[in-house]
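Open the model in your viewer and follow the stops below in order. Each stop says what to select and what is there.

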Amino acid sequence: MRGLQYSSLAKVTKLRIASHLLAAFGVCWIYYPFVHIAILGGWLAALGGTLYYGAQIDNALVDADRRRIGKDEVQSQTRAAIANALVWVSTLALFSPYGDLKAQLELWAVCAMLMTACAVMLPAVPLANLMFAGIVGIGAIVSFIYAHSFEMVVVSMLFIAVVVRGAIENARSFLTARVAEAGMAERNEVVSLLLKEFEEGEADWLWQIDTSRRVRSVSPRFAFALGLASDEIDGKPFIQLVAGPAWETGQFPSSLHDLAERLKRRESFSNLLVRVTIGGHQRWWELSGTPKLDDDGNFDGFRGVGSDVTEQRESSDKIAHMARYDTLTGLPNRMMVTEALGEAMRYADQWRTRCAFLMIDLDRFKAVNDTLGHLLGDQLLAKVSERLRSIVSDNELCGRLGGDEFAVVVRDASDHTRVERVARAVIEVLSRPYEIDHHTLYIGASVGSAIGPRDGSTVETLMRNADLALYRSKEEGGGQHFGYEPELHALAEERRKLEFSLRRALERDEFVLNYQPVVDAADENIVSFEALLRWNSEEHGLVSPAKFIPLAEDTRLIVPIGEWVLREACREAVRWPGNVKVAVNVSGEQLLDTHFIQSVVSALHQTGLAAQRLEIEVTESIFVRDAITARAALEQIMALGCGIALDDFGTGYSSLAYIRNLRFSTIKVDRSFVQGAATGSPESLAIIRAVVAMAESLEMSTTAEGVETEAELHVIRQLGCRKIQGYYYGRPMPAVEARALFGVPTLQRVSA
Ligand code: C2E
Ligand code: MG
Ligand code: MG
């Protein structure tokens, strides 16, 4: 408001200065005969100074309506007015004594005219006007009192009262006018914005309805949008025109219902998205509207703008769909699964029930993807999702989290057996063979589950805990379901610590190799030693290979560790008699590593061990991951002259085909069959017999693993295994003890 007031000052500055100068001219004329010219000149200069100062301030306030004006600005404006008034008072004080009463009356007339002029010209600054009128008026009154002209005192008082009153009134009406002006400008802006929007086609048509919500004054564009002629529309209920068949049934889409409600309640609305039916087609309209009032302020219907936003809406629907669904499988993606789980958890919380989250990972999917290509992998994933979809009920939502990871959200898991049932169904249905592109593919599934809110009160914790359970089931070999247990956290934590230590174990020199003898079944002479890794950790003590080898494989630490084992075993074997071999275990991760062959070559080269004396032990699991690369690597090793042993035969994904295709030097029959055979299990006996027979025909050797007792030894010998390894002949032992078996008494003698 102040801004509005002050900004108008500059407009009248010139006029104001002119009136002051005119008055000053009058004063000079009146007092020229009485007052010395120098005094008149000084007075004129003082007046000029205050006018100049005032004009400066007014000019600085030109933009006051567009910014905040400071207190000091208001104060200096008032100061200028006071200074100016004081100059005028000084005329009364200085000049009156010189002149006669006539001159004094003339001076008063000039001052009174100036006061009036200011009050008229400067309605914006009532305070300055009041000051001016007050100061000059009081000066005049005082001067009349001095001159004993009491009737003039009364006249002056009345005049000043009138001027003051007039200035206040003038200021008030000035302000009202300015405020109204500002409001008008704002309204104009809104109207022009609306018009612009309308013209630019963002709003496509205007619509209007009467008090009974019937369409009136139909615009051609509105008629076009409705697909009807104007006269067909006029007078029809608005809702009927856009509801389509829903008008008869009364079952409006919720957005249309919302529109009807607002019209009924006479509420204005903007950009309301409404689903309408035009000519039998579903469309989306965006409508804005305000109640219309007649001249007496009574409700007179609605008026508004609208546009058809079906296209935008459809493309944004598509984007929304893409953001929530996986493109490859069409299943809900991680985002939607997370949302659904959040929803399920809220529901469970509200109704004191439980929900569940199942995390699914495909077993051996990577092998398929690596060997048969991504195209086939993608097809497989699509089949997997089809099967998943086929088994979930309304109570569940299945989705793909990414890669070969899927998930199921069970909304209501209050039935204890439900999760187990779903998990088992998932494993069962996903493990059935797949027929894709003339390939028959076998994969499996592992499932980990967590129950909410018991196993986690937030979506994140529940997902993490299901993941822990999944990890456990993978660790157990896959194809199983594990539920979350709090101990899994401790296990995971322990694993993390173990991994931390394992990363340093090599540089800290915490590994040692033990050697277990393998003897000839016929003459009981030592034919080889198997190098078995031992880790004596500073933090964890002696850690079993069963624990740290899988960890080293997962973290790929097995690659550097395995290299060390290879070198160390070769270095030790050089010290043994030339006919004794060394067997080194090699994991799939090592074999698939591109530098593996090179590390074998350099171990042999550095130690000078003959290639024929090195035997690499692999398990069947390597063929599952990437059979082609694994075979190629093994063939290269054989080409060097090394032997290849198939370890733990019978425990894995056994297929005798592996044996036939690759020329293994030795098949190691797993300890479980040895035990079985000793207790007379027909299967164990049959398997050992078959393996021995086949090995013989392919000129391969057989080793029975884990022979502990006389009885076991006896059976194995009868079955025809060529070599025997087990506690019966010797446990894995430190290198020194192994050497001692050859009658080499001390370390010194060997190195000498
Ligand atoms: P494996 O290659 O099958 O090794 C034989 C395992 O059977 C050894 O366990 C050995 O101590 C044990 N064993 C031998 N005779 C008997 C017996 O009469 N009775 C019983 N109950 N057990 C017997 P260990 O040393 O605990 O090694 C376990 C597994 O760790 C090995 O199985 C092998 O797969 C892996 N491993 C050991 N060292 C290495 C290594 O340097 N590299 C790799 N990649 N894996 C290794
Ligand atoms: Mg082995
Ligand atoms: Mg073994």
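A donor here is an N, O or S atom within 2.8 Å of the metal, and water is not among the atoms, so a metal site may look incomplete. Keep in mind throughout that the model is predicted.

**Stop 1: the two magnesium ions**

Select ligand 2 and ligand 3. These two magnesium ions are 4.0 Å apart, and Asp647 coordinates both.

Which protein atoms hold the magnesium ion (ligand 2)? Its donors are Glu530 (OE), Asn585 (OD1), Glu617 (OE) and Asp647 (OD), at distances of 2.0 to 2.2 Å. Read along the sequence, these donor residues follow the spacing E-x54-N-x31-E-x29-D. To see how far the site reaches along the chain, colour strand β13 (residues 526-537), which carries Glu530, and strand β17, which carries Asp647; the two residues are 117 residues apart. Glu530 has a relative accessibility of 5% and counts as buried, since the cut-off for buried is under 20% relative accessible area.

Move to the magnesium ion (ligand 3). Asp647 (OD), Asp648 (OD) and Glu705, which is listed twice through OE, coordinate this ion at 1.9 to 2.8 Å. The sequence spacing of the donor residues is D-D-x56-E. Asp647 sits in strand β17 (residues 643-649), while Glu705 is in the loop between β19 (701-704) and α28 (710-719), so this pair joins parts of the chain 58 residues apart in sequence. Asp647 is buried at 7% relative accessibility, and Glu705 is also buried, at 11% relative accessible area.

**Stop 2: the open sheet**

Next, select β1, β2, β3 and β4. These 4 strands make an open sheet with antiparallel pairing, in the order β1-β4-β3-β2. Which strands lie at the edges? They are β1 (205-209) and β2 (269-278), each of which pairs on one side only. From one strand to the next, the twist averages 35 degrees.

Zoom in on β3 (residues 281-293) and β4 (residues 299-308). The two run antiparallel and are joined by 8 bridges. Two positions to label are Gly289, which stands opposite Gly304 in β4, and Ser288, whose bridge partner in β4 is Val305. The two strands form a hairpin with 5 residues between them, and in the turn Gly297 has a positive phi of about 80 degrees.

On the other side of the order, β1 is joined to β4 by 5 bridges, again antiparallel. Here Gln208 stands opposite Arg303 in β4. Is β4 enclosed or open to the outside? Of its 10 residues, 7 are buried, so β4 is largely enclosed by the rest of the structure.

**Stop 3: the largest cavity**

Now turn to the internal spaces. Rolling a probe the size of a water molecule over the atoms shows where empty space is left. How many cavities of 30 Å³ or more does a search of the whole structure find? The search finds 4.

Start with the largest, which holds about 170 Å³ of space. It is lined by 16 residues; to centre the view, select Arg16, Ala81, Asn84, Leu122 and Ala128, the closest of them to its centre. Then show α2 (13-31), α3 (37-60), α4 (71-95) and α6 (126-146), the elements that give two or more residues to this lining. By class, the lining residues are 8 nonpolar, 6 polar and 2 charged.

**Stop 4: the second largest cavity**

The second largest cavity contains about 60 Å³ of space. For its lining, select Val559, Gly562, Glu563, Leu566, Gln590, Asp593, His595, Phe596 and Ser599. Which elements supply at least two residues each? These are α21 (558-573) and α23 (596-607). With 4 residues, α21 provides the largest share of the lining. The lining residues comprise 3 nonpolar, 4 polar and 2 charged.

**Last view**

To finish, return to Asp647 and show both ions again. Asp647 bridges the magnesium ion (ligand 3) and the magnesium ion (ligand 2), 4.0 Å apart.

Definitions and conventions:
Residues are numbered from 1 along each chain as its sequence is written. Chains are lettered from A and ligands numbered from 1 in the order in which they are written. This is a predicted model: local features need pLDDT of at least 70, side-chain atom pairs count only at pLDDT 80 or more; totals for chains, interfaces and linings use all residues. Side-chain values use heavy atoms; hydrogens and water are left out. Donors are N, O and S atoms within 2.8 Å of the metal (3.2 Å for Na, K and Ca); water is not among the atoms, so sites may look incomplete. Buried means under 20% relative accessible area, exposed over 50%, partly exposed in between (1.4 Å probe, protein chains only). On a 1 Å grid over the protein atoms alone, a cavity is a set of points where a 1.4 Å probe fits but cannot get out, and a pocket is an open set with protein on both sides within 12 Å along at least five of seven lines; lining residues have an atom within 4 Å of a point. Grid points are joined across faces, edges and corners, and a volume is the space filled by probe spheres set on the points. Ala, Val, Leu, Ile, Met, Phe, Trp, Tyr, Cys and Pro count as nonpolar, Asp, Glu, Lys and Arg as charged, and the others, Gly among them, as polar. Two strands pair if DSSP finds at least two bridges between them. Axes are lines fitted to C-alpha atoms, for helices over the stretch in contact, and angles run from 0 to 180 degrees between N-to-C directions.
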